[in-house]
Amino acid sequence: MEYYLDIWGEMCPIPIIKSQRKLKVMAIGDSLVLETEHSCTARGLVVWAQKEGYPISESEVAAGIWRLTIAKTHD
Amino acid sequence: MKKIWRTAVHGPWPYWVGAMVLGGLNILVLLVRKRPWGVTSNLQDWAVWLAHLLGLASERIPVSQLLLAEGTYLNLGVVLGALWAALAASQWRFRPLRQRKFGFSALIGGLFLGYGARIAYGCNVGGLLNGIASSSLTGWVFALAVFLGTWIGAKILLKFLV
Amino acid sequence: MSPMVKNQRYWNWAFMSVMFFFFLLLAQINWKLALNLGLGIGLGFALEKSRFCFVAAFRDPILTGMTALSQAVILLLGVSILGFALVAGSGQGYALNVYPLGANTIVGGLLFGIGMVLAGGCASGILMRIGEGFAMQMLALAGALVGVFFGERSLRWWQGWGWEQPGIFLPAKLGWLSTLSLEMAVLVALWLLARWWQNR
């Protein structure tokens, strides 16, 4: 399953807190898609996911908008 | 080499690279200015000037003095430098306020931040970073107080903004 | 590698040209102001490119358990302490930031800490995010200007709460060598604590 989490316009660290909560209720193998226009939020999410050991892919879908996909590989 | 250049222009830099560059520039500011980098003391002069314009303060700071103040150009430079950094990576956009609650939190937060910075003689840059860098005990005490304040702020954020 | 968007290339060239002429103009008036502008631009550029954030350094250990930025701030502190000691110790006429210590330091720090979490940036962070185009931080700057004004008005009252009037310059009390070793020891301890906190 692919989940989309609405973090549009939210400042740090609310997206990470929301992702932590969302990932808890997701099953292993699911992925979480997030979109943000905050450069720091995109960076913070990448660093956080790497530390937690979740594979994360980052792409710039438009000028100053980042789309992040986190795969839940473990609990 | 090409990859390094691409990361330098496009970013993001690793945090430790940012820390080293900022540290080097911070020392250069001290060398040029003969006093450390600070943000809010210049903002204070502009605030008093603005207040006089609105008839709220009796003392007058001439605008020519503000336009010849080094702090004005440091602050303006930070804004322009960030704008340039975003443009260079094609990441600039106007980011409007998406939810009203963040408008309130920005106004109230700014008010607290400005008041606190001025009664404690400095913000994160002038009071904390350069207070500590100047080996002043005040800088360390301020850092501890800021940490406790952040903890209270985090509780407020969890309650009202998440 | 993420795909790259490149559609602001011409805006970037236009901006750089305007900046170049502004810099030249300012250098005609006063080269020192131009130098300050250049340093400010460098600081803003580095802040944005490295996504540096003092707020996150203090807040994220509490809220998300991340200390990557706290470790970076500790590194920045270490570099700055050594650099300042070298510059101020070898030259004359440097005015360092040694300010009075008192209840105002504590209360101011608490209010500042609360404020920067709510505003989504400290003073330099607000300026940096205005450059990035955030409307939220433009509002925060408006709030900060009002707060700064009230702070300036009440500074005289707060001075009655001071404990140490000129402030304590540690090297004057302990000597340079013990001050620097003490500060470095504290920073290393904090860094180890931060690393442990993130890997907990």
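How many salt bridges does the rule find across the interface of chain A and chain B? Two. Keep in mind as you click around that this is a predicted model.

**Stop 1: chains A and B.** Colour the two chains separately and show the residues in contact: 17 from chain A and 20 from chain B. Together the two chains bury about 1,600 Å², with 57% of that on carbon and sulfur atoms. Now select Ile14(A), Glu37(A) and Arg43(A), which supply 32% of the area that chain A buries against chain B, more than any other three residues.

**Stop 2: a salt bridge.** Stay on Glu37(A) and add Arg93(B) to the selection. Their side chains meet in a salt bridge, at 3.4 Å from N to O. Across this interface of chain A and chain B you can also look for six residue pairs in polar contact, both partners at pLDDT 80 or more. For the backbone view, switch to cartoon and pick out helix 1 (14-25), helix 2 (39-52) and strand 4 (65-71) of chain A: each supplies at least two residues of the side that touches chain B.

**Stop 3: a nonpolar patch.** Next, turn on the surface and select Phe104(B), Leu107(B), Ile108(B), Leu111(B), Phe112(B), Val146(C) and Phe150(C), which make a nonpolar surface patch of about 600 Å². Helix 6 (100-119) of chain B and helix 7 (135-159) of chain C each give at least two residues to the patch, and the largest share, five residues, comes from helix 6 of chain B.

Finish on Leu107(B), which sits in helix 6 of chain B. Is Leu107(B) buried or exposed? Leu107(B) counts as partly exposed because its relative accessibility is 36%, and partly exposed covers what lies between under 20% and over 50%.

Terms used. Residues numbered from 1 in each chain as written. Chains lettered and ligands numbered in written order. Predicted model: local features only at pLDDT ≥ 70, side-chain atom pairs only at ≥ 80, totals over all residues. Heavy atoms only, no water. Patch = residues over 30% accessible without salt bridge, like charges linked within 9 Å, V, L, I, M, F, W, Y side chains within 5 Å. Areas by Shrake-Rupley, 256 points an atom, 1.4 Å probe, with all protein chains shown as cover. Salt bridge = Lys/Arg side-chain N within 4 Å of Asp/Glu carboxyl O. Helix = DSSP H or I, 4+ residues; strand = E, 2+ residues; numbered from the N terminus. Buried < 20%, exposed > 50% of the residue type's maximum accessible area, 1.4 Å probe, protein only. Contact = heavy atoms within 4.5 Å. Buried area = accessible area lost by both parts, 1.4 Å probe. Polar contact = N/O pair within 3.5 Å; in protein donor to acceptor, adjacent residues only side chain to side chain.
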